[in-house]
Every structure is written in C-alpha cells, then in structure tokens.
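Dear colleague,

I am handing over the structure below, together with some notes on what was found in it. Please have it open while you read.

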Amino acid sequence: YGNLREWVSEGSYVLNFESPVLKALAADIRRSGKPVRAASFQMYPNAPHAYGIETADGFQVLHLRRYVEFWTKMIEAGQAKTPPQDRENRTYLLVNPAEHRPQWELAELFDPELLALANVRYLISRDRITGPGLVSLHQPETPWSALGVREKIETNLRANFTGRTHLYVYEYAHAFPRFFVAPRVRVLATGAEVLDAMAAAGRDEL
C-alpha cells in the first residue's frame with residue numbers, strides 16, 4: 001500500500017517530472033536562434049532549466065547578489081498584499097502562493113517593464129495569467145486552481161504515464177532583446193537608486 005500510494009502521489013520519476021510542453025518550448029527557442037529567458041509561476045524554475053530553457057527566476061540555488069536585488073525589485077509591486085512575516089520569503093511565494101485562484105494579472109506577479117528588460121520572452125504557469133503583451137501558446141481546458149480534488153488526482157495520474165502537460169505557456173511580446181545599445185545613460189550614486197529608477201521608468205526610458 002505504501003509503495004502504491006507513493007507511486008500515485010510521486011509517479012514515475014521519469015514521466016512525473018517530464019513535460020512534453022516544456023520540451024516543445026525548448027525546441028521552439030532553439031529554432032528561433034535568439035537567446036531568450038522564461039519566468040515561471042507555481043513551479044520551481046529548475047524544471048524548465050532542465051530542458052535548456054534559460055530561466056530568469058530569482059528562486060535558484062546560486063545567484064549574484066545584484067541579480068537577487070534586481071529580481072526582488074521585479075516582484076516587489078506584486079507582493080503588496082503579502083503578510084509582513086512572509087515578505088522575506090516572497091520569492092518562494094511565486095512558487096507556492098498563499099492564495100489559490102484560477103486567474104492572475106501579470107502585474108500582480110511581476111513588474112511588467114522589468115520583466116521585459118530581463119529578456120523574459122515566455123511565462124509558464126499552472127493557472128491562467130492575463131495582461132498586455134501576453135500571447136497564449138499552450139493552455140489546458142481548466143486552470144489548476146479551478147480543478148476539484150478528484151480532477152487533480154486524475155490529472156496527476158495521467159502525468160504518471162504521459163508527462164506533465166497541464167501548463168499554461170505564454171509568449172510575452174514586450175520582451176526586450178538580450179542585447180541592445182542604449183542611446184543615452186543616466187548615472188546614479190548607488191545601486192539602490194539605480195533599481196528604484198528602473199522600477200519607476202517606463203518602457204521608452206528603459
């Protein structure tokens with residue numbers, strides 16, 4: 001019984017963590033020939049990273065401190081409703097949000113302009129995300145948070161045989177190219193001032 005319960009909940013360690021959706025996205029990125037990043041919601045960024053999809057998420061084992069500061073600024077606006085005791089762990093709340101609902105606004109999760117500046121061309125989520133510039137590339141019939149317990153169990157059981165396909169994938173049309181030449185430069189005194197100025201800037205200024 002214990003082995004059966006573990007298989008149902010954890011599944012095949014190959015197929016349970018394999019995703020035809022992420023595999024197809026990785027192939028599309030390779031074919032494009034352009035370096036782009038992806039960001040994820042409700043999942044660890046290591047999953048797309050394993051397919052060769054470069055992730056922008058700040059929830060990784062090792063990052064430069066400056067990037068962690070940038071990522072923290074990127075998700076700051078979307079964390080206004082986070083209880084103060086949870087704010088130190090707000091990056092993790094993107095992986096496991098305290099609230100479960102079938103639809104989210106992009107601006108509730110990320111600063112859309114900084115997300116674009118970070119060259120994030122794709123977003124991956126288990127629930128629906130809406131916002132300007134988002135183009136749906138793949139979507140299940142029902143968001144994960146709208147499924148009942150029985151439907152979630154059935155979905156996970158299917159994933160044990162076919163891999164995980166219950167994912168929303170969006171292309172973010174506003175993403176900046178990885179490299180570009182800035183026509184003008186502003187110099188500020190500290191790194192914190194730079195991050196604040198970036199967060200306050202519009203798309204044209206960035």
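The charged end of R101 is placed over the ring of W104, 3.9 Å from the centre of that ring. Please keep in mind throughout that this is a predicted model. A second arrangement of this kind involves R126, which lies over the face of W144 at 4.1 Å from the ring centre.

Turning to the aromatic rings, the structure holds 5 aromatic pairs. In one of them, F41 and W104 meet edge-to-face, with 5.1 Å from centre to centre and 75 degrees between the planes. This pair links distant parts of the chain, since F41 belongs to strand β1 (residues 37-41) and W104 to strand β2 (residues 103-105), 63 residues apart. Both F41 and W104 are buried.

Another edge-to-face pair is formed by W71 and F110, whose centres are 5.9 Å apart and whose planes make an angle of 65 degrees. Here, too, distant parts of the chain are linked, with W71 in helix α4 and F110 in the loop between α6 (106-109) and α7 (112-117), 39 residues apart. W71 counts as buried because its relative accessible area is 2%, under the 20% cut-off, and F110 is buried at 0%.

W71 is also among the residues that D57 touches, which include A38, H63 and Y67. D57 itself is found in the loop between α3 (46-49) and α4 (65-76). Although D57 is buried, it has no salt bridge, and the nearest side chain of opposite charge, R37, is 9.0 Å away. The side chain of D57 does, however, make a polar contact of 2.9 Å with the side chain of S40.

With best regards

Methods: Residues are numbered from 1 along each chain as its sequence is written. This is a predicted model: local features need pLDDT of at least 70, side-chain atom pairs count only at pLDDT 80 or more; totals for chains, interfaces and linings use all residues. Side-chain values use heavy atoms; hydrogens and water are left out. Helices (H or I, at least four residues) and strands (E, at least two) are DSSP runs, numbered from the N terminus. Buried means under 20% relative accessible area, exposed over 50%, partly exposed in between (1.4 Å probe, protein chains only). Lys and Arg count as positive and Asp and Glu as negative; His and the chain ends are not counted. A salt bridge is a side-chain nitrogen of Lys or Arg within 4 Å of a carboxyl oxygen of Asp or Glu. A polar contact is a pair of N or O atoms within 3.5 Å; within protein, one must be able to donate a hydrogen and the other to accept it, and residues adjacent in sequence count only if both atoms are side-chain atoms. Contact means heavy atoms within 4.5 Å. Rings of Phe, Tyr and Trp (its six-membered ring) pair if their centres lie within 6.5 Å; planes under 30 degrees apart count as stacked, over 60 as edge-to-face and the rest as tilted. A charge sits over a ring if NZ of Lys or CZ of Arg is within 6 Å of the ring centre and within 35 degrees of the ring normal. Lists of a residue's contacts leave out its neighbours within four places in sequence.
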